[in-house]
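Q: Could you take a close look at the charged pairs in this one? I'd like to know who pairs with whom, and where the partners sit.

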Amino acid sequence: MKRLFIIILASVLVAVQADAQTFSKLSVLKYGIESIWPSGFSSVTGSAWAEIDNSGEGFTLKGIKGTVYREGQPFVTGTARDLHIGRGKGRHTLNGTASLCPGVSLFSILRLLSFDPKVYSVDISVTIVMDNGESRNVSLEKFPVSELLKLK
């Protein structure tokens, strides 16, 4: 599940950067897992962090949700709390939960030990609210994880 939190964090950041004009001055310097713990037999709660340099306007990410697909089938769904990214450089923490989709067993998660990004894709949606009050919805559908992991 740790890899899935990194994938979700990276997906959110890619969705934000999809609006190149507004976010061309946004760069992710480092990222990692802060914490992860079970919250039931089929879900976890955790935190992923990213060091971000934002020389543009500050913004808030709201309504963050996504689905990770394995070989085209829903594998894990997740949501995250709202996150504000101000102007300047800072470390930001994304807190959320991830749950196995119906029909996915805990044993499927064990296969992540031999993780092959080519068999995974993600949907992500987020509302971006700029500090000036402007807002827009951004989403990615079936974005290949192999492409996501190539991005820096």
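A: Here's a walk through the salt bridges, with a quick stop at the nonpolar core at the end.

First, some housekeeping: this is a predicted model, so local features need pLDDT of at least 70, side-chain atom pairs count only at pLDDT 80 or more, and totals for chains, interfaces and linings use all residues. Residues are numbered from 1 along each chain as its sequence is written, and side-chain values use heavy atoms, with hydrogens and water left out.

The structure has 3 salt bridges, each being a side-chain nitrogen of Lys or Arg within 4 Å of a carboxyl oxygen of Asp or Glu. Take Arg-91 and Glu-34, whose closest N and O atoms are 3.3 Å apart. Arg-91 is in strand S6 (residues 88–100) and Glu-34 in strand S1 (residues 26–38), so this pair ties together parts 57 residues apart in sequence. Strands here are DSSP runs of E, at least two residues, numbered from the N terminus. Glu-34 is partly exposed, at 43% relative accessible area; buried means under 20%, exposed over 50%, and partly exposed in between (1.4 Å probe, protein chains only).

Next up, Glu-71 pairs with Arg-70, at 3.7 Å between the closest N and O atoms. Glu-71 is exposed, at 55%. Then Glu-134 meets Arg-136 at 3.8 Å, N to O. Glu-134 is partly exposed at 46%, and Arg-136 is partly exposed at 21%.

As for the core (buried Ala, Val, Leu, Ile, Met, Phe, Trp, Tyr and Cys residues joined through side-chain atoms within 4.5 Å), the largest one has 34 residues, with Ile-52, Phe-59, Leu-61, Ile-64 and Ile-128 touching the most other members. Strand S7 (residues 120–130) gives the most to this core, 6 residues.

Conventions
Helix = DSSP H or I, 4+ residues; strand = E, 2+ residues; numbered from the N terminus.
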